[in-house]
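The following note is addressed to a colleague who is new to this structure. It takes the aromatic residues and the nonpolar interior in turn.

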Amino acid sequence: MTFRPEPAYRHGSPARTGLLLVNLGTPDEASAPALRRYLAEFLSDRRVVEIPRLLWWPILHGIILRLRPARSAAKYATVWLPEGSPLAVWTERQTRALEVELGRRGHTIDVHHAMRYGQPALPRVMDQMRAAGVTRVLVLPMYPQYAAATTGSVADALHRWALQARWVPELRTLSQYHDDPGYIDALAARLRRHWQQQPAAERLLLSFHGLPERSLHLGDPYHCQCHKTARLLRERLGLAPEQVVVTFQSRFGKAQWLQPYTEPTLQALGAQGVRSVDVMCPGFVADCLETLEEISQEARTAFLRAGGQDFRYVPCLNDEPDWVAALATLAERHLQGWDTHNVPAADAEQRQRALAMGARD
């Protein structure tokens, strides 16, 4: 086995602690070649597509990667920000805000972010953290509800990296935080601020990312955790059960996925005479293609065409102060036992030099 190069060991160096936020990923640009690279990596993950390779490979390389990149690139172009992909922009802002908040609370922690697919890639960020002297890492996937295809895949990537590391750092990984009080409070605060601008709609629709239905029967807790998040949020807001609708979006392929589906549900509500809906995506903590294009654009059009009159999209938590504070508290809870205070300035300077070298690689 070939190990990754290790940073030079310095006797007497205090252990440094790192915190790594990991999100799904995004293409480098809104172009067909960039989408082809991104989709090839994403859809090659055995956690994401559990079809035998003998059947899946001809479909992926013979059909999907030939037809889908151009269509997906056109969708990304409608939400692309001057700074880049919305998911990348918001994840970067969350990272910086979290480091500031933890510093305000007295912690000295190297806070980074990585993407499971695309850049910055998880292995490269872990290499940079080790080069900066980090010997303890808390990995915080940005998926509140656990799914094998998301959090499980992050664990796979982390452990593959560790297999090639000579000095494996202490590792802790959060599994889920779907019922964390800070997370629920941040969602409730986001909605209340939305309702300060305009009264609550007739229905609050909570749209979570979908998964194949078979994942539920195979033991994935995702479906149940989505419903628990929705129930806790409804109770925190003091809403009646009939005021809140839970749906699942982003269906892919012809198999049955978790139901009810988001867009058909919105069409049915519009046809039934529901005039206004507030739509929120609690499973996404940063706005991205699935929230800004699929929900705020496509789902909006479907609802209005079906007879609805007022579709109000509620943005994700992004870098809202309540959410950053909740992340900090969540991190503190799982960092217990690691000394995260009073790291010498010289080590902080070493970290900056290592990061600068990594950026040039």
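1. Phe-208 is buried, with a relative accessible area of 0%; Phe-248, at 1% relative accessibility, is buried as well. Buried means under 20% relative accessible area, exposed over 50%, and partly exposed in between, with a 1.4 Å probe and protein chains only.

2. This is a predicted model, in which local features need pLDDT of at least 70 and side-chain atom pairs count only at pLDDT 80 or more, while totals for chains, interfaces and linings use all residues. Residues are numbered from 1 along each chain as its sequence is written, and side-chain values use heavy atoms, with hydrogens and water left out.

3. A search of the whole structure finds eight aromatic pairs. Rings of Phe, Tyr and Trp (for Trp, the six-membered ring) pair if their centres lie within 6.5 Å; planes under 30 degrees apart count as stacked, over 60 as edge-to-face and the rest as tilted. One of the pairs joins Phe-208 and Phe-248, and is tilted, at 6.3 Å centre to centre with 40° between the planes. Since Phe-208 belongs to strand E5 and Phe-248 to strand E6, the pair ties together parts that are 40 residues apart in sequence. Helices (H or I, at least four residues) and strands (E, at least two) are DSSP runs, numbered from the N terminus.

4. How are the rings of Tyr-38 and Phe-42 arranged? Their centres are 6.1 Å apart and their planes meet at 15°, so the pair is stacked. Both residues are in helix H1 (residues 32-42), four residues apart, and are thus separated by about one helical turn. Tyr-38 is buried, with a relative accessible area of 7%. Tyr-38, Phe-42 and Tyr-117 form one aromatic cluster.

5. Two arginines should be inspected beside tryptophan rings. The charged end of Arg-130 sits over the ring of Trp-167, 4.8 Å from its centre; that of Arg-172 sits over the ring of Trp-338, at 3.9 Å from the centre. The criterion is NZ of Lys or CZ of Arg within 6 Å of the ring centre and within 35 degrees of the ring normal.

6. The largest nonpolar core (buried Ala, Val, Leu, Ile, Met, Phe, Trp, Tyr and Cys residues joined through side-chain atoms within 4.5 Å) has 47 residues, and Leu-19, Leu-140 and Trp-323 have the most contacts inside it. Helix H6 gives the most to this core, with seven residues. Leu-140 touches, among others, Leu-19, Leu-174, Tyr-177 and Leu-330, not counting residues up to four places away in sequence; contact means heavy atoms within 4.5 Å.
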